[in-house]
Amino acid sequence: MVMKDDDPRLLPPLSMLRCFEAAAREGTFSRAAEQLGLTQSGVSRQIAHLEDWLGTALFERHGRRVALNPVGRAYLGEVSAALGLIRSGTRRLIAPHDHGVTLATLPGFGMRWLAPRLPALSAIHPDLMVSMIARTDLFDFAAEDFDAAIHVGPPDWPPGASGELLVHERLFAEVMVPVIAPSLAAKLGLAAPRDLLDAPLLALAAQPDAWGRWFAADGLELASGPPRQRFSQFLMLAQAAVAGAGAALLPRFLVEGELAAGQLEMPFDRPLEGTRAYFLVHPRRKARDPDLTRFRAWLLGEARTGQA
């Protein structure tokens, strides 16, 4: 049977699609109901009606939990992208002056690299509003109201429950330099990289082997193994180094202020290029968004010419 694109049977009611998307995201009808302000039985009925409408099951039921079957996963990818476009279009219509780019950013990157550059963006695009929200977790773009995010690591942001296609645009590699408080450096009498073997070493929890790789470049080995003091974020690591707790490997752009103020010094100009890079990540459906297009072009230009 051939169906025309304007056949009303091809457009299920929006209430069914919203319940379907929420249940797929939350994994239970009860949590989906909480998100939508409905009852559990109401969500269950809407999804049953949708399955009847489509003539196929979308979920596998496991007690109170539900999981998408292969048909449901494929359908969710299409539905989530469409609902995202509806949300974006409605937001522009209702609040045209409130739109712009809503960016999830790593705290350190946002504070130390991006925020100081925003006046330059405003000079080029005075009407472009950028809202930065600190996030360190990997979230589902289909479930949250973000246009893009800053990610560090390999290009591995997961597509989420919707299977939404994501674009990773490389900004620059993560390059770290050794830093230490001047008082601790004087106490240790640092003259060569091997002298740092006697220093308390601080590390990022996600990169416990960074110091080992830094010393290995000089043919040295950490006899004591990886550093015992580890931090979940670079900014905490930087503050510990300023306090004299030990030496740290940090991206230079994160500690430019501390280096300029003399709170930290770089005892050896031996940068370590890590295995990670910074990326701008956004859903493919956002690629033609005019505000994101302008922000993306500016950001990529800054990354090429202004990385630290």
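**Notebook: helices, sheet and cores**

I started with helix α9, residues 234–242, which lies across β6, β7 (201–204), β8, β9 (247–251) and β10. I noted its direction too: α9 runs at about 140° to β9. A reminder to myself: this is a predicted model.

**Entry: the sheet.** Next I wanted the strand order. I found eight strands in an open sheet, reading β4-β3-β5-β10-β6-β9-β7-β8, with mixed pairing. Which strands sit at the edges? I got β4 (130–134) and β8 (229–231), each of which pairs on one side only. From one strand to the next, I have an average twist of 30°.

I then looked at β3, residues 101–105. Five bridges join β3 to β4, and the two run parallel. For one facing pair, I wrote down A104, which stands opposite I133 in β4. Helix α5 (residues 107–114) packs on the sheet as well; I see it touching β3, β4, β5 (148–153), β6 (166–179) and β10 (272–283). The direction of α5 makes about 115° with that of β3.

**Entry: helix α2.** I moved on to residues 29–36. Which residues of α2 are buried? I listed F29, A32, A33 and L36. Looking down the axis of α2, I find these buried residues within an arc of 105°, so they line one face of the helix. That fits the textbook rule I keep in mind: an α-helix has 3.6 residues a turn, so residues three or four places apart point the same way.

What do the buried residues of α2 pack against? My list has α1 (14–26), α3 (40–54), β1 (59–62) and β2 (65–68). On the face turned away from the buried side, I found the exposed residues E34 and Q35. Just after α2 comes G37, and I noted that its phi is positive, near 70°.

**Entry: the cores.** I checked how the nonpolar residues group. The largest nonpolar core has 58 residues, and those with the most contacts inside it are F109, L171, L196, Y278 and F295. I also found a second, separate core of 21 residues, including F29, A32, L36 and V43. So I met F29, A32 and L36 again here, after noting them as buried in α2. In soluble globular proteins, nonpolar side chains tend to be buried together.

**Entry: E21.** Last, I picked a residue in helix α1, E21. Is E21 buried or exposed? I have it as buried, with a relative accessible area of 4%. Leaving out residues up to four places away in sequence, I see E21 touching L76, S80, L83, R87 and A142.

Key: Residues numbered from 1 in each chain as written. Predicted model: local features only at pLDDT ≥ 70, side-chain atom pairs only at ≥ 80, totals over all residues. Heavy atoms only, no water. Buried < 20%, exposed > 50% of the residue type's maximum accessible area, 1.4 Å probe, protein only. Helix = DSSP H or I, 4+ residues; strand = E, 2+ residues; numbered from the N terminus. Arc of directions from axis to C-beta. Contact = heavy atoms within 4.5 Å. Pairing = 2+ DSSP bridges. Axes fitted to C-alpha atoms, helices over the stretch in contact; angles between N-to-C directions. Core = buried A, V, L, I, M, F, W, Y, C linked by side-chain atoms within 4.5 Å.
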